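Biologist: Please take a close look at a single part of this model, and set out how that part relates to the interior of the chain.

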Amino acid sequence: MLPSVSGLGPARKTLRPASNPANKLPPLQSAKLLDKLRERVRYLHYSRRTEEAYVFWCRAFIRWHGLRHPADMGGAEVEAFLSYLAADRGLAPSTHKQALSALLFLFGKVLGVSLPWMSEIGRPQVQRRLPVVLAVDEVGALLAQVQGAEHRLLARLLYGTGLRITEALQLRVKDVDFSQRALFVRAGKGGKDRVVMLPQALHAELHEQLGLARRVWAADVEAGQAGVEMPHALERKYPRAGASWSWFWVFPQDHLSTDPRSGVFRRHHLYDQTFQRAFKRALSAAGIAKPATPHTLRHCFATHLLQGGSDIRTVQELLGHSDVGTTMIYTHVLKMSGGAVRSPLDALPGQPVN
């Protein structure tokens, strides 16, 4: 028996209340619905891409229902819209799931609706697909066709380190450590930090790229332009850090642009669409018929490491996967590639030998 406290009976093991009012979301300040959605997304620290996707699907939902306000709609309208996306638009299950997540966020986090249909609505089953992986010689042919030193370096960086394209584009000068041969990924997918190797083959090109970036930074400083974007509240905590060389982009854009959130006119990093177009042209020039994208270089990095005998746990850490099961998808590629399993047709007498 636990001792009593001030005559109030047996003491409890925890002093936490059954329901914590601090967990409730604060009231929204915006007037328009989509502005309220943006405000809530930013309060919960979701990524900018998530914000853009949620706004897109909620706007599409409202327009599809003739500009009716979501507060006047419910589960039936959501299911009708999702059925339209699946049956008429032929959306993939992953995109279908993203649209559903956006609408549940709108009703639950913005409108404050908590109804049974929100937990009972059917969710599409997303099947894991095998990634597109290029052979080593195909990667070499592709990289040789990438036009422009900056784009070529970026492609080689993606293949040599396994970075996601957004992680590579958001690299800052302080994240490159030549002495330790390491790149520091800050706030990658899921807000996680990690360290990856810096290939020796990229040292000279990176030094040259940093030299070009420093000239851009020096010109901005001389012109009195606003510094680069800083994560979270660091811009208020360290007002001058955004204009410092250490926080500057490794791959800066060649022109200034308006920050979509703050409205500040300043230097952004290279746009991913710019590199994706250069990658597509290189793929065509190399004569590769596979449906590869810049993310394919990350798949190649993982697969080729495993083919070279690297431990799967090491590959998991380099890729930043929370679950080794995600990394295991590359072992399925290995099982059927490179002659790991021999077809019985090849064992028949008289078959041609290549």
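Modeller: In this predicted model, the part I have chosen is helix 1, whose buried residues pack against helix 2 (48–64) and helix 4 (93–110). Helix 1 itself spans residues 33–43, and its buried residues are Leu33, Leu34, Leu37, Arg40 and Val41. These residues lie on the same side of helix 1, because they cover an arc of only 120° around the axis. Just after helix 1, His45 adopts a positive phi of about 60°.

The wider interior may be considered next. The largest nonpolar core has 53 residues, and Leu142, Leu157, Leu163 and Leu183 are those with the most contacts inside it. A second, separate core holds 25 residues, including Leu33, Val41, Trp57 and Leu85. Two of the buried residues of helix 1, Leu33 and Val41, are thus named in that second core.

Returning to the largest core, Leu157 deserves a description of its own. Apart from neighbours within four places in sequence, Leu157 is in contact with Gly162, Leu163, Ala168, Leu171, Leu183, Leu202 and Phe251. Among these partners, Leu163 and Leu183 also belong to the group with the most contacts inside the largest core. In soluble globular proteins, nonpolar side chains tend to be buried together.

The cysteines complete the account. Cys58 counts as buried because its relative accessibility is 0%, under the 20% limit. Cys300 likewise counts as buried, at 0% relative accessibility. With sulfur atoms required to lie within 2.5 Å of each other, the count of disulfides comes to zero.

Note on methods
Residues numbered from 1 in each chain as written. Predicted model: local features only at pLDDT ≥ 70, side-chain atom pairs only at ≥ 80, totals over all residues. Heavy atoms only, no water. Core = buried A, V, L, I, M, F, W, Y, C linked by side-chain atoms within 4.5 Å. Buried < 20%, exposed > 50% of the residue type's maximum accessible area, 1.4 Å probe, protein only. Contact = heavy atoms within 4.5 Å. Helix = DSSP H or I, 4+ residues; strand = E, 2+ residues; numbered from the N terminus. Arc of directions from axis to C-beta.
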